[in-house]
Amino acid sequence: MSQNRKKLLVIEDDPGLQKQLRWSFDAYEVLVAGDRAAALAEVRRHEPAVITMDLGLPPDPDGASEGLATLQQILALTPDAKIIVLSGNQERANAVKAIGMGAYDFHQKPFEPELLALVIERAFFLHALQQENRQLLQTQGDSPMGGIVSRDPGMLKVCRSIEKVAPSSATVMVLGESGTGKEVLARALHQLSPRRDKRFMAINCAAIPENLLESELFGYEKGAFTGAAKQTVGKIELAHEGTFFLDEVGDLPMALQAKLLRFLQERVIERIGGHKEIPVDVRIVCATHQKLKELTAAGKFREDLYYRLSEIVVTIPPLRERIGDAALLAHHFKNRFSDAEGRSRLNFSADALAMIESHTWPGNVREMENCIKRAVIMTDGPQITADDLGLAESGATEEPLNLRQIRDEAEYKALVKALARTDGNIVKAAEMLGVSRPTIYDLMTRHGVKQA
């Protein structure tokens, strides 16, 4: 049984507190150590994810020197361990010092089992999140989808759609807000397609002046206009047998929309100043953050071109709608930039993660990447704090991660919906929920739901 339980190491020299902690957290496999040597031995043997520790360890039970030294050695052995320091009021300064050295959190003594249990559960959750992120990085490697870090069902569905459509020759339109990773998906589609060994050419329609965009796309002949000193091949022609990515296609001028439509219909181009039709075999992938249907209705985008470009439409959800991805991406970027800056032991403080999860990220993944890079560079200690992130306070409260509370809320909502849909009929509500009538009555009693 103990092999299936999470390991919690308690570093405490008081036998009474040892017993109390072991009894309070019997849901875990509780390991106990009374001094530095025993603690390090348990860490080497079991590598516990979460550790609670008293800084007053022998031979300095009235001070913090031995506890701080133990903390330092444990973090050297297992940097990802979440260490929760238990301290009294008079030890608060030392507890803060421990946080600065890399401890996860501190909790005041005498401790309240319910509150400490929440801190411990949160610590286990964050540790599991970090491990999952590391496994994702290891399994992704150089795969075409390696640039996508997500476990959100909506985003994973997008990835599966890209994998399905990649082997075909269909034109793909990728929709999504700025910073969601449209080009990353376009490159993944190319790498998964039979054209992977040919060129992937990209052009941003919004970044190039209108008078230059046509020559960038289609090229020009020598002497076609003033300054055309030599023949120049356009980006579409350069992508022959490969993939051509039109980013921000919603900004394409109307005149060029007509010329692009002709290419999509005939699969031939004419360079500016030329009279020869040049056949080009290229797959078109386009992207925009704009609502093309609305632009089409307003007469700002050709309807026939829209339908040519949208044979397959893939919509990327914004980061704020991707469940759990904010924290997952934060750890991903933190690990990447920490390694690049030689600071591999950096971690997030609890308040930093709460802010990351509550922020709406209007700039999506790109904003997240820039934010974490800045925080890694600017932070002074081993932890990235909320202040290091430089984000505005959102005023949002952190959602509870207590599984019992989440389960109770889900049970209550399901019970109320079932009773409402069946007009209070207990038998039908029980059938709808797939439980017995006594279970319904138990749930009603537990959640204070009265029968109508």
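**A walk through a four-domain model**

At 2% relative accessibility, Arg283 counts as buried. I wanted to open with that residue, and I'll come back to its surroundings in a minute. Before that, a reminder for everyone: what we have on screen is a predicted model.

Let me start with the overall picture. The protein has 19 helices and 16 strands. Its radius of gyration comes to 29 Å, while the globule rule gives 22 Å for 452 residues; the value is well over the rule, so the protein is more spread out than a compact globule. If you line the C-alpha atoms up along the principal axes, they fill a box of roughly 95 × 65 × 40 Å.

How much of the protein is buried? Of its 452 residues, 46% count as buried. On the outside, about 23,400 Å² is exposed, and carbon and sulfur atoms supply 50% of that area. As for charge, there are 56 positive and 62 negative side chains, with the centres of the two sets 5 Å apart. And if you take contacts between residues at least 6 apart in sequence, 67% of them join residues at least 24 apart.

Now the domains. The protein is divided into domain 1, residues 7-139, domain 2, residues 153-315, domain 3, residues 321-389, and domain 4, residues 403-447. Please look at domain 1 and domain 3 together. Taken over C-alpha atoms, their centres are separated by 24 Å. The contact between them takes 16 residues from domain 1 and 14 residues from domain 3.

Let's go along the chain, then, beginning with Arg22. You'll find Arg22 in helix H1, which covers residues 15-24. Is Arg22 buried, partly exposed or exposed? Its relative accessible area is 43%, so Arg22 is partly exposed. Setting aside neighbours within four places in sequence, the contacts of Arg22 are with Val30 and Val32. For Val32, ten residues away in sequence, the C-alpha to C-alpha distance from Arg22 is 8.2 Å.

Next, some peptide bonds to check on your own screens. The bond from Pro58 to Pro59 is cis, with omega near 10 degrees. Pro59 sits in the loop between strand S3 (50-54) and helix H3 (65-77). Another cis peptide bond joins Lys109 and Pro110, and there omega is about -5 degrees. Pro110 is in a loop as well, between strand S5 (105-108) and helix H5 (113-140).

Moving on to Cys205, which is in the loop between strand S7 (200-204) and helix H8 (210-218). With a relative accessible area of 3%, Cys205 is buried. So who does Cys205 touch, not counting residues up to four places away in sequence? The list is Leu213, Leu246, Asp247, Glu248, Val249, Asp251 and Leu252. By contrast, Ala39 is 166 residues away along the chain, and its C-alpha atom is 61 Å from that of Cys205.

Keep Glu248 from that list in mind, please. Glu248 is not a glycine, yet it has a positive phi of about 50 degrees. It lies in the loop between strand S10 (243-247) and helix H10 (254-266). The relative accessibility of Glu248 is 10%, under the 20% cut-off, so this residue counts as buried.

Arg267 also has a positive phi without being a glycine, at about 60 degrees. You'll see Arg267 in the loop between H10 and strand S11 (268-269). What about its accessibility? Arg267 is at 29%, and so it counts as partly exposed.

And that brings me back to Arg283, as promised. Arg283 is in strand S13, residues 283-288. Which residues are in contact with Arg283, leaving aside neighbours within four places in sequence? There are quite a few to click through: Val165, Ala166, Ser168, Ser169, Ala170, Val172, Leu189, Ser193, Arg195, Gly242, Thr243 and Phe244. Take Phe244 from that list: Arg283 and Phe244 are 39 residues apart along the chain, and their C-alpha atoms are separated by 6.0 Å.

So, to leave you with a few places to revisit: the cis bonds at Pro58 to Pro59 and at Lys109 to Pro110, the positive phi at Glu248 and at Arg267, and the contacts of Arg283. Thanks, everyone, and I'm happy to take questions.

Conventions
Residues numbered from 1 in each chain as written. Predicted model: local features only at pLDDT ≥ 70, side-chain atom pairs only at ≥ 80, totals over all residues. Heavy atoms only, no water. Helix = DSSP H or I, 4+ residues; strand = E, 2+ residues; numbered from the N terminus. Rg over C-alpha atoms; globule rule 2.2 N^0.38 Å. Buried < 20%, exposed > 50% of the residue type's maximum accessible area, 1.4 Å probe, protein only. Contact = heavy atoms within 4.5 Å. Areas by Shrake-Rupley, 256 points an atom, 1.4 Å probe, with all protein chains shown as cover. Lys, Arg positive; Asp, Glu negative; His and termini not counted. Charge placed at Lys NZ, Arg CZ, Asp CG, Glu CD. Domains from an automatic or database assignment.
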